[in-house]
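Subject: Structure handover and what was found in it

Dear colleague,

I am passing on the structure we spoke of, together with some notes on what was found in it. Please open the two side by side, since the notes go through the structure residue by residue.

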Amino acid sequence: MEQFKARLPEVSKGALTVDVFPAMQLGGAKENIDQVRSGVLEMTWVGASYLSRIVPELEAVSLPFVYANREEAFKVV
């Protein structure tokens, strides 16, 4: 995440910046998802299992042995 924070202003030519809150400073996965949905946070990094409760189709990502290889899995996504 620190690399993302360092590179974002460079890649966006200063148009974008980001604040990173590690170690559950803003709550757990459920709280973070709720905060994104309500507009308090712009984005969060959580596992697909948390998001699939809201968007069940994402559960397909959690089935790694269904796909023959990585490329096939990315096509599905």
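In which loop does Lys13 lie? Lys13 belongs to the loop between H1 and H2, and I begin there because Lys13 has a positive phi of about 55° although it is not a glycine, whereas most residues other than glycine have a negative phi. Lys13 follows H1, and with a relative accessibility of 77% Lys13 counts as exposed.

Please keep in mind throughout that the model is predicted. The protein has an average pLDDT of 89, and 100% of the residues score at least 70. Among its elements, helix H4, which covers residues 70–76, has the lowest mean pLDDT, at 85, while H2 has the highest, at 95.

The loop between H1 and H2

Two further residues of this loop deserve a look. Met24, which is also placed in the loop between H1 and H2, has a positive phi of about 60° although it is not a glycine, and at 64% relative accessibility Met24 counts as exposed. Is Val18, another residue of the loop between H1 and H2, buried or exposed? The relative accessibility of Val18 is 18%, and Val18 therefore counts as buried, the cut-off for that class being under 20%. Val18 and Val66 are 48 residues apart along the chain, and their C-alpha atoms are separated by 36 Å.

Helix H1

H1 is hardly covered, for the count of buried residues among its 10 residues is one. One of the two salt bridges that the structure holds is found in this helix, where the side chains of Glu10 and Arg7 meet at 2.9 Å, N to O. Both residues lie in helix H1, three residues apart, which is about one turn of the helix. An α-helix has 3.6 residues a turn, so residues three or four places apart point the same way. As for their surroundings, Glu10 counts as exposed at 53% relative accessibility, whereas Arg7, with a relative accessible area of 44%, is partly exposed.

Helix H2

The side chains of Asp34 and Lys30 also meet in a salt bridge, at 3.0 Å from N to O. These two residues both lie in helix H2, and they are four residues apart, again about one turn of the helix. Here Lys30 is exposed, with a relative accessible area of 53%, while Asp34, at 37% relative accessibility, counts as partly exposed.

Which residues of H2 are buried? They are Ala29, Asn32, Ile33 and Gln35. Seen down the axis of H2, the buried residues fall within an arc of 160°, so they line one face of the helix. On the other side of H2, the exposed residues are Lys30, Arg37 and Ser38.

Among the buried residues, Ile33, which has its place in helix H2, has a relative accessible area of 6%. Ile33 and Thr44 are 11 residues apart in sequence, and their C-alpha atoms are 7.1 Å apart in space.

The largest pocket

Thr44 comes up again in the last part of these notes, since Thr44 is among the residues that lie nearest the centre of the largest pocket. How many residues line this pocket? The lining is made up of 25 residues, and those nearest the centre are Met1, Asp19, Phe21, Met43 and Thr44. Helix H1 (2–11) and helix H2 (29–38) are the elements that give two or more residues to this lining. The space in the largest pocket comes to about 710 Å³, and by class its lining has 17 nonpolar, six polar and two charged residues.

If you take the structure further, the places I would ask you to look at again are the loop with Lys13 and Met24, the two salt bridges, the buried face of H2, and the lining of the largest pocket.

With best wishes

Definitions and conventions: Residues are numbered from 1 along each chain as its sequence is written. This is a predicted model: local features need pLDDT of at least 70, side-chain atom pairs count only at pLDDT 80 or more; totals for chains, interfaces and linings use all residues. Side-chain values use heavy atoms; hydrogens and water are left out. On a 1 Å grid over the protein atoms alone, a cavity is a set of points where a 1.4 Å probe fits but cannot get out, and a pocket is an open set with protein on both sides within 12 Å along at least five of seven lines; lining residues have an atom within 4 Å of a point. Grid points are joined across faces, edges and corners, and a volume is the space filled by probe spheres set on the points. Ala, Val, Leu, Ile, Met, Phe, Trp, Tyr, Cys and Pro count as nonpolar, Asp, Glu, Lys and Arg as charged, and the others, Gly among them, as polar. A salt bridge is a side-chain nitrogen of Lys or Arg within 4 Å of a carboxyl oxygen of Asp or Glu. Buried means under 20% relative accessible area, exposed over 50%, partly exposed in between (1.4 Å probe, protein chains only). pLDDT is the predictor's confidence in each residue, from 0 to 100. The arc is that of the directions from the helix axis to the C-beta atoms.
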